[in-house]
Amino acid sequence: ETPHFEVYYLPELPILERRNWLIHLHYVRKDYDACKMIIKEQLQESHGMCEYAVYVQALIFRLEGKIQESLELFQTCSILNPQSADNLKQVARSLFLLGKHKAAIEVYNEAAKLNEKDWEISHNLGVCYMYLKHFNKARDQLNKALQLNRHDLTYIMLGKIHLLEGETDKAIEVYKTAVEFSPENTELLTTLGLLYLQLGAYQKAFEHLGNALTYDPSNYKAILAAGSMMQTHGDFDVALTKYRVVACAVPESPPLWNNIGMCFFGKKKYVAAISCLKRANYLAPFDWKILYNLGLVHLTMQQYASAFHFLSAAVNFQPKMGELYMLLAVALTNLEDTENAKRSYEQAVALDQCNPLINLNYAVLLYNQGDKKGALCQYQEMEKKVNVLKETNTLDFDPEMVDMAQKMGAALQVGESLVWTKPIKDSKAKQRAASGKPSSTQQPLGSNQALGQAMSSAAGYGKTIQLSSAPLAKPPSLPLEPEPGSETGPEESTEPQERRKEKCKSRLAAE
């Protein structure tokens with residue numbers, strides 16, 4: 001008996017789609033030159049009507065940086081197939097990359113009508129609103145995206161929005177939820193550790209940074225943060241060992257060279273400190289913290305003209321910070337420009353309502369100039385601030401600052417009303433005594449040497465670490481997020497910086 005074979009006939013592929021499989025094969029293999037040749041043949045054969053060929057050509061243009069050309073091709077795709085949400089999403093993505101955020105939002109809204117439950121559309125709308133600083137709408141869209149699908153990237157964006165609005169506590173809650181959902185994400189662990197570090201919660205910071213290093217031992221942000229914690233507690237040699245590891249990964253990092261410089265400062269190696277800080281300044285010329293530290297080191301070395309140069313530059317970038325004006329006044333006093341020193345102190349007093357050191361230093365200058373009435377007024381202001389700080393129990397006082405205040409009180413004959421109880425360390429030791437020039441034979445109350453000794457140990461007392469977070473670079477076809485260097489608010493930068501001691505807890509700020 002003759003065996004029976006059933007014959008199956010394959011349908012002929014339509015001419016528009018005939019080479020799609022080959023285009024896809026070369027594209028996923030990243031063989032873009034061959035891919036473009038096949039696309040050209042396919043478009044000639046189909047008279048430009050093959051949607052898939054045009055789509056892949058647009059993706060290749062985007063990878064090559066030709067954003068405008070890719071936008072035009074994606075618009076062609078959306079004309080060929082107006083019911084495709086994917087085509088509209090790619091058009092919106094191209095508009096976003098061109099910086100046209102409002103236009104991108106309009107196209108994303110059109111795409112949302114075709115596909116209401118698309119996580120990517122909600123997420124990207126949130127990012128676009130964030131760039132336009134419509135933070136409420138951005139939060140709504142990102143929360144909607146999380147309801148549709150929980151993604152690490154959406155949590156990161158939501159946390160960044162809270163940081164841009166100065167809501168550190170809410171940002172921490174978002175990142176905590178994210179870490180519970182994705183416990184091995186080193187970006188989330190590091191960011192959360194840095195936020196705890198900024199708030200002074202060292203135990204929690206150490207725990208999260210340690211977990212990040214467990215999953216990724218080469219994570220330079222976590223290593224830099226761990227080094228800054230050691231530096232904060234005076235372990236300069238151990239911190240420098242950590243920084244050597246970071247220097248291999250990111251040799252051009254401004255926070256790294258800033259921190260190395262302040263380690264040398266803490267070790268009293270001032271020339272090395274200035275060298276490292278100047279490298280940091282070269283890499284980040286507009287970072288006021290680096291300029292502040294340079295001014296501080298030059299003050300310590302009694303190089304007052306250089307100190308004035310860097311501190312006045314820092315004031316230009318941070319004009320609302322009283323402590324900068326105080327240090328500037330110290331430099332001016334030693335340059336024998338008493339009138340401008342007084343103006344600088346007046347500005348410092350007006351800007352800073354809770355740092356008693358400013359009033360003490362101002363009182364020293366006025367007393368040394370023979371203005372006992374003005375000195376008494378500043379001394380009494382200082383006492384008020386100290387009483388407030390003692391009641392809130394937020395700060396300790398340095399023994400040398402206490403000693404200087406007692407001498408000042410005795411000189412002004414108000415010693416009986418001193419508010420100091422016990423000499424304990426002040427977290428702002430480096431600026432406790434300005435060096436005034438005596439106007440008579442009286443003993444000056446401040447001295448260059450005392451100022452230098454005070455500031456030399458500054459790096460060991462830091463209570464706050466700056467936060468800055470760098471955005472992740474993602475392939476063009478993935479959800480949107482900020483591109484490097486395009487932050488709209490304080491941030492991100494996420495690398496810790498060793499900086500001056502804060503007198504007011506309210507000054508904590510995420511960058």
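**Exercise 1. Place His162 in this predicted model, then decide whether it is buried or exposed.**

Solution.
Step 1: His162 sits in helix 9, which covers residues 152-164. The model is predicted.
Step 2: Take its relative accessibility, 8%. Buried means under 20%. His162 therefore counts as buried.
Step 3: List its contacts, skipping neighbours within four places in sequence. His162 touches Arg139, Glu167, Lys170, Ala171 and Val174.

**Exercise 2. Find which residues UniProt lists as "repeat: TPR", and describe two of the spans.**

Solution.
Step 1: Read the record. The unreviewed UniProt entry gives residues 85-118, 152-185, 186-219, 288-321 and 322-355.
Step 2: Look at residues 152-185. This span is 79% helix and 0% strand. Its end C-alpha atoms are 8 Å apart.
Step 3: Turn to residues 186-219. Here the chain is 79% helix and 0% strand. The end C-alpha atoms lie 8 Å apart.

**Exercise 3. Describe the chain as a whole: its helices and strands, its buried share and its exposed area.**

Solution.
Step 1: Count the secondary structure. The chain has 24 helices and zero strands.
Step 2: Check burial. The chain has 511 residues, and 53% of them count as buried.
Step 3: Take the surface. About 23,700 Å² is exposed, with 53% of it from carbon and sulfur atoms.
Step 4: Consider contacts between residues at least 6 apart in sequence. Of these, 62% join residues at least 24 apart.

**Exercise 4. State how many aromatic pairs there are, and work through the pair of Tyr55 and Phe74.**

Solution.
Step 1: The count is eight aromatic pairs.
Step 2: Tyr55 and Phe74 form one aromatic pair, at 5.5 Å centre to centre with 75° between the planes. Planes over 60 degrees apart count as edge-to-face, and this pair is edge-to-face.
Step 3: Tyr55 lies in helix 3 (residues 51-63) and Phe74 in helix 4 (residues 67-80), so the pair ties together parts 19 residues apart in sequence.
Step 4: Both Tyr55 and Phe74 are buried.

**Exercise 5. Work through the pair of Tyr155 and Phe181.**

Solution.
Step 1: The centres of Tyr155 and Phe181 are 6.1 Å apart, with 45° between the planes, and the pair is tilted.
Step 2: Tyr155 is in helix 9 and Phe181 is in helix 10 (residues 168-181), so the pair ties together parts 26 residues apart in sequence.
Step 3: Tyr155 has a relative accessible area of 6%, so it is buried. Phe181 has 34% relative accessibility, so it counts as partly exposed.

Definitions and conventions:
Residues numbered from 1 in each chain as written. Predicted model: local features only at pLDDT ≥ 70, side-chain atom pairs only at ≥ 80, totals over all residues. Heavy atoms only, no water. UniProt positions renumbered as here; feature names shortened; annotations may be inferred. Helix = DSSP H or I, 4+ residues; strand = E, 2+ residues; numbered from the N terminus. Buried < 20%, exposed > 50% of the residue type's maximum accessible area, 1.4 Å probe, protein only. Contact = heavy atoms within 4.5 Å. Areas by Shrake-Rupley, 256 points an atom, 1.4 Å probe, with all protein chains shown as cover. Phe/Tyr/Trp six-rings, centres within 6.5 Å; stacked < 30°, edge-to-face > 60°.
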